[in-house]
Structure formats: C-alpha cells, structure tokens
Amino acid sequence: MTRKKLPDMQSGLYIDGQWTTGSLESKAVNNPATGEELIQVAQADTADTEKAIAAAKAAFPVWSGMELKERVKILHKIANLMEENTDRLALIMTLEQGKPLAEAKGEIKTNVENMHWNAEEARRIYGETIPAPNNHKFEVKKQPVGVVGAITPWNFPSNMIIRKISPAISAGCTIILKPASSTPLSAIALFELFEQAGLPAGVANLVIGPSSDIGKALTDSNDVRKLTFTGSTKVGQQLYEQCGATLKKISLELGGHAPFIVFADAPIEETVKTLVAMKFRNNGQACTSPNRIFVEKSIKKEFTAALNQAVSQVKVGNGLDEVTVGPLINEEARETIDAQLADAKNKGADIPVGGGRLTEGEYEKGFFYQPTVVDGVTKEMDIFYEETFGPVVPLVEFEEEDDVIQMANDSNFGLASYVFTTDLRRAEKVSRALEYGLVGVNNTQVSQSETPFGGVKHSGLGRENGHYGIEEFLEVKFVHTTYFVD
C-alpha cells in the first residue's frame, strides 16, 4: 500500500526570525505506526535557548507597543494560513504522532478557532477606573507580562502550542516554545506559517532539544517572566520548584484521571456512544480521557454488554487509513498498560474485551494495543489511582450517590469529570461536589476556545482558553494620579 510521505519542510530551530541549526547533534523523528525515520531535526542546548530568550526580550517592546489593529491583523492572518494548510498540517501530525488523519484535521480546526478568538480577545483587555477623592484618579491597567517560556506535550502536538502561543502574543507577550522531543514537526510547520504571516522577528522562537537543559534555561532566566507547561505532574512539580528562584508567574496543565459517572436514569445507548468517542479520542492519550467508569449497579449488566460490543468494533491501524485509533506514542506506553492490566487481573478483575498488544501483520513495527475493557475494578488495583494513557476502559460498580462522589474524588488529580443523569437535582449536586476544574454533565465537551480549561489539586494551576486564559499573560498595574489645583 502506498501512503503519503512527509512534505518538504524545515528541520531547524527558529530564533529571532531565522531558521538555524542547533548546537547539538540532530535527532531523528520516527513514525510510531511504522517505526520509520521521517526526518532529522536540529537540537538546541542552553546557549541556543539563551539566544532565543534574548531575541524575545528585544522583540517585546516592539510587539507590545505595536498598534493593536496591526497586531490583530497578523494574528488573523496566522489563523487563515492554518486553515488554508489544514491538510498539510494534519498529515505532518499523523505521521509523527499517529492519530487518525480525520482527528488531526479536527485539531487544526480547533487551532484556527482558538487563534481567531484570541485575536479578538486582544481588543477586550479592559482596565478600570475606581472612584477616587477629588483631584485624584485611580486607574487599573492590564499590561503584558513580558517574555514567556512554553513547554508543550506530544499528545496534541499542534493544539497545545496554539493554546499557549495564541493568548500570549495576543496579550502582547513574546515567547520561546519548547515542543515535545518526539513530535517537533507540528511545531516547525506552525512556525513556517508564523514566518509567512509576517510575525516580527523574535516574537515567537522555537527551540527543540533536551527538556532538562531547555527547561532549566527558561526557569533560571530573570528575563522570562512567565512559564506555561502542559505535561506530567512529576515534571510540573519540578518546574514549579525551579521557578521559585526567579518568582515568575507559572501555569501548569498536568495529569488527569477523569471519573465518568453513569446513573441508572441515563440513556444507555447514547451514554455508551459518548463514552467510546471520548475514551478512544487520541487512543486514550489525553489528560481529559475518561479513566474510571462508575456505573450504577441496577444498569451495570446492560451497560457493560453495550459497552463491550461498542469497544469490540473500534478499528485500530495506521492513522493514514480509515481507522478509529492509531498507535500509542512509544513502547513505554504499552509497558505501562501491560503492568496495569496484569495487576488488575491478578487482583480479580475481568477483561472481556482486548487486553493485549497488536503485533502481527500491519501492526508488527508500530506501538499498537487492543481496545480493552476491564470489569470489576476496585480500589486495591493500581488502575484505580494511576492515570491510564491508552485504550483501556476500567469499570467500577456503585450503588449510592454519596459513595460514588467519594470514590470519584478519591484521587490526587482534579482535571476533568463527567456525569450522566436525567435528574437535574442530582446533576447540580454531583457537579458541585466533584473536586475537578471541569465537569461535563451529559456531555464530554469541556474544552472550547471561549471557556476556561484547567484543573485543581495535582492537575495544575491556572487556566487556558476564554478570557481567563489571556489573563494568565497579563500583569495588573495600579496608577494613582493627583491633579494639581491652582
């Protein structure tokens, strides 16, 4: 079978408006579905990162001082270019990350919406005037924080970049981006469009390379006044600690372990359909993915039967083909799932669907895994507390409303949660009681450009999207003016 190849594209760093080779040896980017090398990409060290910081610092007064309508015009142009290049951007993403092409195109569509929305939000950064005594004026102004460092993950290698760069540059900040080492091509492809749109040199800089070196350079720099990170809780905790010395603002979007609560009055067919669509989005490799499925006892048997049938029909394969899900990102991801399933099975769980790797034929060279259902999950099993980044649906039975709230909240994570019920009283009570930053009631749509996204507890700090997202890149300044009176 002949499949599409990687388009011609840059392979370097982008610093101060120039494509450049890094100081370290280039590194291969591989296709997780086939194992083949796609391209060699430049690698930055600490010195390269410091050059990017210097470029962003020099560009900040120019960009933040630009006429607002001109800045907004460039942002809209970037959005339009992303829309025009949807097919190219999606192909690059599928080749380096593995997700189905249709899903990759959806991610680019979200990028376009996010960039347009934040471009307009730049016009709505309002200050205020506070009543003051005679001959005085109290003003509150909101101004860009300055140079921003951004570190993004591999699971949404394009959208996570835009969700950080879009509000930052809309606010008037300049930025240094460090994308995930396994998926840098989506970042490069976006920066090609930034250049094409006429984004001034130094406003957005791209450094690719070792996380420890680049991250340390960003956190240690007094010129970087804000750090935004999406990734694991463990790394987020390290970055939070490292930022303490320079007292920079920080926002962290970290791990999740989302409960998905199904009460007996929920429509089973519709709920199963929604669950499967959300669970197998990006092959379960999402921090908002449903990871603990709590089903009320009276409908448990019927619900499980419908779920097993639906999961058994999920098609796995190369993202360039007509499939539901592609490969996992790497071998470590498969090993983690293997360990969780072995522990659950040893402690009494049943695995009616899936439960193993796909390794033969077209799956031989990729990181594929069977869509899996785990029934009879209890608190004694690792999977109850550990985030599962993969195509695994763990089922937990419950009887009482208060008990399921307690079980759902029995986690260090607090990002996304979902409740399915036709009882409005129950929906209000449970959504209020859940210790999560995001709650979907009878839906899983918890991320939109205009609404705040973020978690509590070990799921992070701060918010992305909505006007809350752009506020993360602003400082509040109070100005008190006294008028001299003759």
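At what angle do helix H3 (residues 86–97) and helix H6 (residues 185–197) pack, and how far apart are their axes? In this predicted model, the angle between H3 and H6 is about 160°, and the axes are 9 Å apart. Since angles over 145 degrees count as roughly antiparallel, H3 is therefore roughly antiparallel to H6. The crossing of these two helices, H3 and H6, is right-handed. On the H3 side the contact is formed by Arg88, Leu89, Ile92, Met93 and Glu96. H6 contributes Leu185, Ser186, Ala189, Leu190, Glu192 and Leu193. By class, the residues in the contact of H3 with H6 are 7 nonpolar, 1 polar and 3 charged. The spacing of such contacts can be read against helix geometry: an α-helix has 3.6 residues a turn, so residues three or four places apart point the same way.

A second helix pair is formed by helix H2 (residues 68–84) and helix H5 (residues 159–171), whose axes come within 10 Å and cross at roughly 160°. The angle makes H2 roughly antiparallel to H5. The crossing of H2 and H5 is left-handed, whereas that of H3 and H6 is right-handed. Arg71, Leu75 and Met82 of H2 are in contact with Ile162, Ile169, Ser170 and Ala171 of H5. The residues of this contact between H2 and H5 comprise 5 nonpolar, 1 polar and 1 charged.

The strands were examined next. Strands of a sheet pair through backbone hydrogen bonds, either parallel or antiparallel. An open sheet of 3 strands is arranged in the order S5-S6-S22, and its pairing is antiparallel. Strand S5 (128–130) and strand S22 (474–482) are the edge strands, each of them pairing on one side only. From one strand to the next, the twist averages 25°. S5 is joined to S6 by antiparallel pairing over 3 bridges, and Glu128 has Val140 in S6 as its bridge partner. On the other side, strand S6 (residues 136–144) runs antiparallel to S22, and 9 bridges join S6 and S22. Within this S6 to S22 pairing, Phe138 stands opposite His480, and Glu139 has Val479 of S22 as its bridge partner.

S5 and S6 also form a hairpin, with 5 residues between the two strands. The loop between S5 and S6 contains Asn135. Asn135 is not a glycine, yet its phi is positive, at about 70°. The relative accessibility of Asn135 is 41%, so this residue counts as partly exposed. Another residue other than glycine with a positive phi is Asn283, for which the value is near 60°. Asn283 is located in the loop between helix H9 (268–279) and S13. Is Asn283 buried or exposed? With a relative accessibility of 2%, Asn283 counts as buried, because buried means under 20% relative accessible area.

Parallel pairing occurs around strand S18. Strand S13 (residues 290–296) pairs with S18 in the parallel sense over 4 bridges, and the bridge partner of Phe294 in S18 is Val396. Strand S17 (residues 372–375) is likewise parallel to S18, with 3 bridges between them. In the pairing of S17 with S18, Val373 stands opposite Val393. Why is S18 described as largely enclosed by the rest of the structure? Of the 7 residues of strand S18 (residues 392–398), 6 are buried, so the strand is largely enclosed by the rest of the structure.

S18 also takes part in covering helix H13 (residues 401–409). The buried residues of H13 are Glu401, Val404, Ile405, Met407, Ala408 and Asn409. The elements that cover these buried residues of H13 include strand S12 (258–262), S13, helix H12 (382–385), S18 and helix H14 (424–433). S13 and S18, which pair in the parallel sense, are thus both among the elements listed as covering H13.

Note on methods:
Residues are numbered from 1 along each chain as its sequence is written. This is a predicted model: local features need pLDDT of at least 70, side-chain atom pairs count only at pLDDT 80 or more; totals for chains, interfaces and linings use all residues. Side-chain values use heavy atoms; hydrogens and water are left out. Buried means under 20% relative accessible area, exposed over 50%, partly exposed in between (1.4 Å probe, protein chains only). Two strands pair if DSSP finds at least two bridges between them. Axes are lines fitted to C-alpha atoms, for helices over the stretch in contact, and angles run from 0 to 180 degrees between N-to-C directions. Angles under 35 degrees count as roughly parallel, over 145 as roughly antiparallel, 65 to 115 as roughly perpendicular and the rest as oblique. A crossing is left-handed if the near helix is turned anticlockwise from the far one by less than a right angle, and right-handed if clockwise. Contact means heavy atoms within 4.5 Å. Ala, Val, Leu, Ile, Met, Phe, Trp, Tyr, Cys and Pro count as nonpolar, Asp, Glu, Lys and Arg as charged, and the others, Gly among them, as polar.
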